[in-house]
2 protein chains.
Amino acid sequence: MVIVKTTASPPLVRISAVPFRLGRAGLSVAVHPGQPDEQRLLAGAPGPDEWLDSAARRIVRERIGWDEQYLEQLYTFGHATDGNASVTVSYLALVRDQDRHDQESPGIAWVAVHDVTLPSDVDRQVLEYALIRLRAKLGYTNIAFHLLPPRFTLSELQLAYQAVLGHPVDKRNFRRRMIASGILDQLDEKRRDGSHRPAALYRFASRDDHAAYLTPPWAAEHAENASELLTSRSDRA
Amino acid sequence: MVIVKTTASPPLVRISAVPFRLGRAGLSVAVHPGQPDEQRLLAGAPGPDEWLDSAARRIVRERIGWDEQYLEQLYTFGHATDGNASVTVSYLALVRDQDRHDQESPGIAWVAVHDVTLPSDVDRQVLEYALIRLRAKLGYTNIAFHLLPPRFTLSELQLAYQAVLGHPVDKRNFRRRMIASGILDQLDEKRRDGSHRPAALYRFASRDDHAAYLTPPWAAEHAENASELLTSRSDRA
DNA sequence: TCAAAAGTGTTCCTTCTACACCCATGT
DNA sequence: ACATGGGTGTAGAAGGAACACTTTTGA
């Protein structure tokens, strides 16, 4: 079969992903480095028989060399690339900091969020929105857990929140809320770390993951919560 | 330019829109009626030089015969149509109930949300998610205003909320919150309606519209709010 | 004078915020 | 004994929920 391309072709579908990682330097993003100080986000096209999510997952895995912990679709941008229409479906990915820093992936740099320089307008919008979404979801989901190792201390958890939000949070209030939320299991073990009191270790309590909350195709399970805003208990009779 | 098409072609971009309207029968949705009791959502393809939003706007306008009040991208679904990959970018649209019911558009039916029957899986997901999003946004944006005429009473506003949420809300609390929110201007005029006390008329106070809150490309303006979850005042020093 | 919708306050309770000191350990 | 990070409680403020009667009008 042959298609004659006229001046304008139908829009091409492109996938763009923003993998975040939490390391010593705080929150950083995987980019392809280019000209000095110019980077671009990970992108690719879905194969003809590939769902969007699996294409995004594959792109992240291929480029950074290991699996993401969490993947969420963000937004779809329509724009022109070289005079052709295209459509960019953007994704947020979270990966755990790997100790195997030996096998740093070629063509990939992890850059602190505030140092990322993106020449492309769409890339900048994608990154900006990814950060907004990540920060917002910290407040009402357990999304932060995908940035941490399976066992962690409350201080580590707090540092993760602070790194993402970009500002300090109150220790006592933070701990109270986290424990009250019920998503943490305290382990019997403690971690002896330096010349100070050892810290209790925690893990995430539930396998059911609230992070995707309010995003299809899983949104329905949580719909009640969403519609309970602006209602009172007696109203739901 | 010539492209040789192999067995599978690249994904096609499709746009799907869910226009909501608030009428006597409560919240209803514009669909194309088909086989008895089978409907489908409004859909179309973006022109080669058309942005996604304008394509969605055009599709809504063409089909229902008047402009939408509010348009918001929801989610992008990847799926197969007739064995070919395609990508559906879904949109939520809100329209004001028009008095010009004379010019009901051909090929369109407005069906109460709970009576919509969609044979397509993707269509069902789109509608479900549109409702979830609309309900959620009632709680923290002024999105409801796009379903109402420019001047309205507090009772009408409350009925709109109830129709969307699907349950009653407390009158006194509702009024207090609405007035406290500051998005309402009370007009000097009142509406005499039946054999009872006349109701004060209101309109929306601000031209700046919080409904798109947390959705690109406007999300940035509201980013501070988003990241203020889980923080205390003193933390932001 | 009655019916029908408009309008209006208070109490209780839960949640949020601010804030400072003692504890366990290693050197 | 001291330095380091781990761990804890409380009081005040603000916000959310429940709840019932009076007012104004037209018929």
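Strand E3 (residues 26–33) of chain A is mostly covered, with seven of its eight residues buried. The structure is a predicted model, in which local features need pLDDT of at least 70, side-chain atom pairs count only at pLDDT 80 or more, and totals for chains, interfaces and linings use all residues. Residues are numbered from 1 along each chain as its sequence is written, chains are lettered from A and ligands numbered from 1 in the order in which they are written, and side-chain values use heavy atoms, with hydrogens and water left out.

**Exercise 1. Place E3(A) in its chain.**

Task: state how much of chain A is buried, and list the elements of chain A in order.

Solution.
- Start with the cut-offs. Buried means under 20% relative accessible area, exposed means over 50%, and partly exposed lies in between (1.4 Å probe, protein chains only).
- Apply them to the chain. Of the 237 residues in chain A, 49% are buried.
- Next, define the elements. Helices (H or I, at least four residues) and strands (E, at least two) are DSSP runs, numbered from the N terminus.
- Count them. Chain A holds five helices and nine strands.
- Read them from the N terminus: β-β-β-β-α-β-β-β-α-α-α-β-β-α.

**Exercise 2. Find the neighbours of E3(A).**

Task: which strands does E3(A) pair with, and over how many bridges?

Solution.
- Fix the rule. Two strands pair if DSSP finds at least two bridges between them.
- Take strand E2 (residues 12–23) of chain A. E2(A) and E3(A) are antiparallel, with four bridges. Arg21(A) has Ser28(A) in E3(A) as its bridge partner. The two strands make a hairpin with two residues between them.
- Take strand E7 (residues 109–112) of chain A. Four bridges join E7(A) to E3(A), again antiparallel. Here Ser28(A) stands opposite Ala112(A).
- Take strand E4 (residues 39–44) of chain A. E4(A) runs antiparallel to E3(A), and three bridges join them. Pro33(A) faces Gln39(A) in E4(A).
- Check the turn. Five residues lie between E3(A) and E4(A) in their hairpin, and Asp37(A) takes a positive phi near 65°.

**Exercise 3. Sort the sheet in chain B.**

Task: which strands of E8-E10-E9 (chain B) stand at the edges, and why is one side of each without a neighbour?

Solution.
- Write the order. Three strands of chain B form an open, antiparallel sheet, E8-E10-E9.
- Pick the edges. Strands E8 (152–153) and E9 (184–191) of chain B each have a single partner strand, so one side of each is left without a neighbour in the sheet.
- Inspect one pairing. E9(B) and strand E10 (residues 199–204) of chain B are antiparallel over five bridges. Arg191(B) stands opposite Ala199(B) in E10(B).

**Exercise 4. Compare salt bridges.**

Task: for each pair below, give the N to O distance and say whether the partners are buried or partly exposed.

Solution.
- Set the criterion. A salt bridge is a side-chain nitrogen of Lys or Arg within 4 Å of a carboxyl oxygen of Asp or Glu. By this rule there are 22 salt bridges over all chains.
- Arg133(A) and Glu72(A) meet at 2.8 Å, N to O. Arg133(A) lies in helix H2 (residues 121–140) of chain A and Glu72(A) in strand E5 (residues 70–81) of chain A, so the pair ties together parts 61 residues apart in sequence. Both residues are buried.
- Arg203(A) and Asp185(A) meet at 3.5 Å, N to O. This pair links strand E9 (residues 199–204) of chain A with strand E8 (residues 184–191) of chain A, 18 residues apart. Arg203(A) is partly exposed at 42% relative accessible area. Asp185(A) is partly exposed at 26%.
- Glu72(B) and Arg133(B) have their closest N and O atoms 2.8 Å apart. Glu72(B) is in strand E5 (residues 70–81) of chain B and Arg133(B) in helix H2 (residues 121–138) of chain B, 61 residues apart. Glu72(B) is buried at 3%, and Arg133(B) is buried at 14%.
- Finish with a network. Salt bridges with shared partners join Glu50(A), Arg58(A) and Glu62(A).
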